[in-house]
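Open the model in your viewer and keep a selection box handy. We'll go from one residue to the next, then zoom out for the whole fold.

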Amino acid sequence: MDNKKDLDKSFFGQPRGLATLFYTVMWERFSYYGMRAILIFYMYYALEKGGLGMSQTLAASIMSIYGSLVYISTIAGGWLADRVWGPRRTTFIGGVLIMLGHICLSMPFGAAALYLSIAFIVMGSGLLNPASSAMVGDLYEENDNRRDAGFSLFVFGINLGAVIAPIAVPWAASGFGLHLFGDETNFHAGFSLAAIGMFFGLLQYWFDGKKYLNEKDFKPNDPLNENEKQKLIKQVLLGLLALVLVLAIMFFMGSLNIDGIINLITVIAIAMPVIYFVMMLRSDKVTKVEKHRVLAYIPLFIAAAIFWGIEESGSTVLALFAADRTILHLGAWHFEAANFQVLNPLFIMILTPVFVALWNNWKKQPSAPGKFSGALIFAGLSYVWMAIPAFISPDHRVSPLWLVGSWFLVEIGEMLNSPIGLSVTTKLAPKAFKSQMMSLWYMADSVGQAVTAQTVKFYTPKTEVQYFLAVGIVSIVFGIILMFLVKRIHSLMEGID
C-alpha cells in the first residue's frame with residue numbers, strides 16, 4: 001500500500017501515469033508542430049528547390065483546411081474512445097496513424113504523399129488528442145485536489161513539444177547546420193524527424209502505459225450493444241453514400257479538384273455547428289433555462305471562430321510574411337522563417353502563469369462575454385499591427401520584431417479566449433448534450449480555419465495592407481459589438497458566471 005502511495009506521487013507529486021501521457025503528447029505535439037512549421041514552404045517551394053511547386057495561395061488554403069479537419073476529427077475520435085476502443089487503444093491507434101502520416105511526407109512521392117499524409121494525420125490527431133486528455137482525468141479520484149495541477153502539467157507537456165519542434169525540424173531540413181544538402185532545404189529530412197518524434201512517443205506510451213495508466217482506460221466507457229452496432233453500420237453506409245453522391249455531382253460539374261474539395265470541407269465545417277445548435281434548441285431534452293444558455297453561447301461561438309481564424313494564421317499568412325517580407329536575422333543571429341512558429345507556444349507558456357495570477361486576484365473581473373470581447377480586440381490589433389510594416393515598407397523586408405509583436409498580441413487574446421471558452425462551455429452545456437457541447441467548442445476552431453481557407457485566397461504581397469486591415473477591423477468591430485451585448489448575453493446565461 002505504501003509503495004502504491006509513493007508511486008501515485010512519483011511525477012512531481014502527481015500519479016506516475018501522468019508522466020506517460022505527458023511524454024506522449026509532448027512527442028505528438030513535437031511531430032505535429034514540427035511538420036506544420038515547414039509544410040507550407042514544402043508545398044509552394046519550386047520543384048528544383050525540393051518543394052511541390054504549388055502557388056502560395058493554394059498552399060495557404062490547404063494549410064487552413066488541414067487545421068479545420070484536425071478539429072472536426074476530434075468529434076469522431078472522442079466517440080470511438082467512449083464507445084468502441086477505449087481511451088488507451090484509441091490513443092495508440094491515433095499515434096500510429098500520425099507516425100504513418102509523417103513517414104508519407106518523408107518519402108519523395110510528391111502531392112499524392114502529401115494528401116495521404118493529411119488523411120493519416122487528421123485521423124490520428126482526432127483519435128489521440130481527446131482520448132489522451134480523457135485519460136488524464138481518469139488518473140484522479142473525484143475529490144483529488146491535484147487534478148488542476150495535473151492538467152496544468154499535461155498542458156505544459158503539449159507546449160514543450162510545440163516549442164522545441166519549430167527549432168529542431170527546420171534545423172534537420174537544413175542539414176543539421178552542417179550543409180549536408182548544400183544550400184537547399186531537404187524537407188523530407190525534416191518530416192523524418194517528426195516521424196521519429198512520434199515513434200519515441202509511441203514507444204514509451206506502449207511500455208509505460210501497461211504499468212501506470214488506469215485499468216478502466218483499456219475498455220470503452222459506454223460500449224455499443226448489438227442494436228447500436230447495426231444502426232451505426234447503416235448510418236456510416238448512408239453517410240458514405242451521401243459523400244459519393246456529392247463527389248459525383250462535383251465531378252460532373254467539373255469541380256472535383258483540390259479547390260472544390262476545400263470548398264466542400266468549408267461548407268461542412270460551417271454546417272455542422274449550425275445543425276448542433278438547431279438540434280439543441282429544438283430538443284425536448286433541453287429545458288427553457290438551458291435553451292437560454294445555448295442562445296447565450298451562440299455569439300461566444302462566433303467570437304471564438306473569428307478569434308481562431310486569426311490565431312491559427314501563424315502557419316499560413318504570417319508564415320508567408322516571415323518568408324517573403326521579414327529580415328531573417330537580428331544582428332549576427334540568423335534564423336529561418338519556420339522558426340517563428342515557436343512564438344505561439346512560447347508566449348502561451350510565458351503568459352499562462354501571469355493570467356492565472358490575474359484571475360486569482362482580480363475580484364471584479366469581466367464576465368466570460370467580456371473576456372471574449374477582449375480576445376477579439378487583441379486578435380484584431382495583432383493584424384492591424386501587421387498592416388503597419390506592410391504599409392510603410394511595401395517593397396523591402398522588415399524587422400522580425402513586427403511578427404514577434406503580432407504573436408504577442410494574439411496570444412494575450414488566447415489567454416482571454418481559450419481557457420475561458422473551455423470553462424464556459426462546460427457551464428452552459430445542457431445536461432443531455434454535455435459531450436456535444438464540448439465538441440462544439442472545438443468546432444469553433446474548425447470553422448475559423450475553414451473560413452480562413454477562403455479568405456486567405458485574397459492575400460498577396462500587393463494586398464497585404466488591405467488584408468490585414470480588413471480582417472483585423474472585422475475582429476475589432478465584432479469585439480466592440482460583443483462588448484455592448486455583454487449584459488444581454490449574461491442575462492441569458494441564467495446565473496452562470
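In which helix is the place of Tyr115? Select Tyr115 and you land in helix α5; helices here are DSSP runs of H or I with at least four residues, strands are runs of E with at least two, and both are numbered from the N terminus. Before going on, some ground rules: this is a predicted model, where local features need pLDDT of at least 70, side-chain atom pairs count only at pLDDT 80 or more, and totals for chains, interfaces and linings use all residues. Residues are numbered from 1 along each chain as its sequence is written, and side-chain values use heavy atoms, with hydrogens and water left out.

**Stop 1: Tyr115 and Ser117**

Stay on Tyr115, which is partly exposed with a relative accessible area of 35%. The cut-offs are under 20% for buried and over 50% for exposed, with partly exposed in between, using a 1.4 Å probe and protein chains only. Show what surrounds Tyr115: not counting residues up to four places away in sequence, it touches Met54, Ile62 and Ile258, where contact means heavy atoms within 4.5 Å. Try a distance label too: the C-alpha atoms of Tyr115 and Gly101 are 9.3 Å apart, with their positions 14 residues apart along the chain.

Now pick Ser117, also in helix α5, which covers residues 110-138. Ser117 is buried, at a relative accessible area of 1%. Leaving aside neighbours within four places in sequence, its contacts are Tyr66, Gly101, Cys104 and Leu105.

**Stop 2: helix α4**

Select residues 87-106 to bring up helix α4. Its 20 residues reach 29 Å from first C-alpha to last, close to the 28 Å expected at 1.5 Å a residue; that expectation is 1.5 Å times one less than the number of residues. Colour α4 by accessibility: 14 of its 20 residues are buried, so the helix is largely enclosed by the rest of the structure.

**Stop 3: Thr24**

Jump to helix α2, residues 16-44, and click Thr24. Is Thr24 buried or exposed? At 2% relative accessibility, Thr24 counts as buried. Beyond residues up to four places away in sequence, Thr24 touches Thr91, Gly201, Gln204 and Tyr205.

**Stop 4: Pro345**

Next, go to helix α12 (residues 343-361) and select Pro345. Pro345 is buried, with a relative accessible area of 2%. Which residues is Pro345 in contact with, leaving aside neighbours within four places in sequence? Asn159, Ala162 and Val163. Measure to Asn159 and you should get 5.3 Å, C-alpha to C-alpha, across 186 residues of sequence.

**Stop 5: Ile420**

The last residue on the tour is Ile420, in helix α14 (residues 401-428). Ile420 counts as buried at 11% relative accessibility. Outside its neighbours within four places in sequence, Ile420 is in contact with Trp359, Ala368, Lys371, Phe372 and Met415. For one more distance label, Ile420 and Ser367 sit 53 residues apart along the chain, and their C-alpha atoms are separated by 9.5 Å.

**Zoom out**

Switch to cartoon for the whole protein: 17 helices and two strands. Along its principal axes the C-alpha trace spans about 60 × 60 × 55 Å. Of the 497 residues, 51% count as buried. Among contacts between residues at least 6 apart in sequence, 79% join residues at least 24 apart.
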